[in-house]
Amino acid sequence: MSGLPKSYNPFAEEEEDEAVSPWSASGGGEADGASRQRYLQQEVLRRSAAAADSTTRSLSLLYESERIGVAASEELVRQGEALKRTEQMVDKMEQDLKTSQRHISSIKSVWGGLVNYFKAKPPENKPEQNGTSDYYANSRLKEAMMSSKEQESKYQESHPNLRKLDIDSDFSKADSVSSAPRDSYPKNQHLRAYHQKIDNNLDEMSSGLSRLKNLALGLQTEIDEQDDMLGRLTKKVETLDVNIKSTDKKVRQL
């Protein structure tokens, strides 16, 4: 019989050797504590830097969305101007058609000529000079566009292809712009700069989201107004088409 106990595990000693904590590998309690503290500090700095970079990327995407919103607003305003010019052209065609109908009535009979002579002429609308129109976007959209255009420089600074990464500059900028009390930040200079940068980015994101909301509301108002304009223009075109067919029929009867 062997002198070893029944529960003896020949691999237990190896497992115990492999399970030694990495903090005790260097030997000495004080050295282990210092090594662990340095590791935790580096980990905190790494996570803070990652959080700051994440908020910076989010802020860049926010500026990009705002820039696209401004471009869409400008295009919508140009579309409104085109609709206004089209409506003015349809009104002018309607006026010319009424004049043509008066002449046709004069030619068709003497009685029609007498009626037209004593009948008041339809009011004439003066055409717009140089092809300009009096269309203006709604005030909400104009204010939102002006507010967003003021952030164009920030978009240039935050764009990954346009900005130069300068950590020291970011740190000094965070120290000067931060709105939070200094006592609320860590004493470590780099960690404090990261926290201030995150707070500044969050403040900018809050303002940017507010501007995006105003821009969206302005776009919605503008779309509703242009939808009404399209409905009005559709009715005018349908009426004009009926009058053109009626006038053409009268001309064929001459």
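Let me start with residues 76–103. Over this stretch the chain is 100% helix and 0% strand, and the C-alpha atoms at its two ends lie 41 Å apart. UniProt, in an unreviewed entry, gives residues 76–103 the feature "coiled-coil region". Keep in mind that what you see is a predicted model.

Now the chain as a whole. How many helices and strands are there in the protein chain? There are seven helices and zero strands. Reading along the sequence, the pattern is α-α-α-α-α-α-α.

Next, surface and contacts. The protein chain has 254 residues, and 26% of them are buried. Its accessible surface is about 18300 Å², with 54% of that belonging to carbon and sulfur atoms. As for contacts in the chain with a separation of 6 or more, 77% are between residues 24 or more positions apart.

I will finish with one residue, threonine 55. Where is it placed? Threonine 55 sits in helix α2, which covers residues 29–108. Is threonine 55 buried or exposed? Its relative accessibility is 12%, so threonine 55 counts as buried, the cut-off for buried being under 20%.

What does threonine 55 touch, leaving aside residues up to four places away in sequence? The residues are Ile198, Asn201, Leu202 and Met205. There is also a polar contact to mention: the side chain of threonine 55 reaches the backbone oxygen of alanine 52 at 2.8 Å.

To recap on this residue: threonine 55 belongs to helix α2, is buried, and has Ile198 and Met205 among the residues it touches.

Technical notes:
Residues are numbered from 1 along each chain as its sequence is written. This is a predicted model: local features need pLDDT of at least 70, side-chain atom pairs count only at pLDDT 80 or more; totals for chains, interfaces and linings use all residues. Side-chain values use heavy atoms; hydrogens and water are left out. Helices (H or I, at least four residues) and strands (E, at least two) are DSSP runs, numbered from the N terminus. Buried means under 20% relative accessible area, exposed over 50%, partly exposed in between (1.4 Å probe, protein chains only). Contact means heavy atoms within 4.5 Å. Accessible areas come from the Shrake-Rupley method with a 1.4 Å probe; for residues, only the protein chains shown count as cover. A polar contact is a pair of N or O atoms within 3.5 Å; within protein, one must be able to donate a hydrogen and the other to accept it, and residues adjacent in sequence count only if both atoms are side-chain atoms. UniProt positions are given in the numbering used here, feature names are shortened, and annotations may be inferred rather than shown by experiment.
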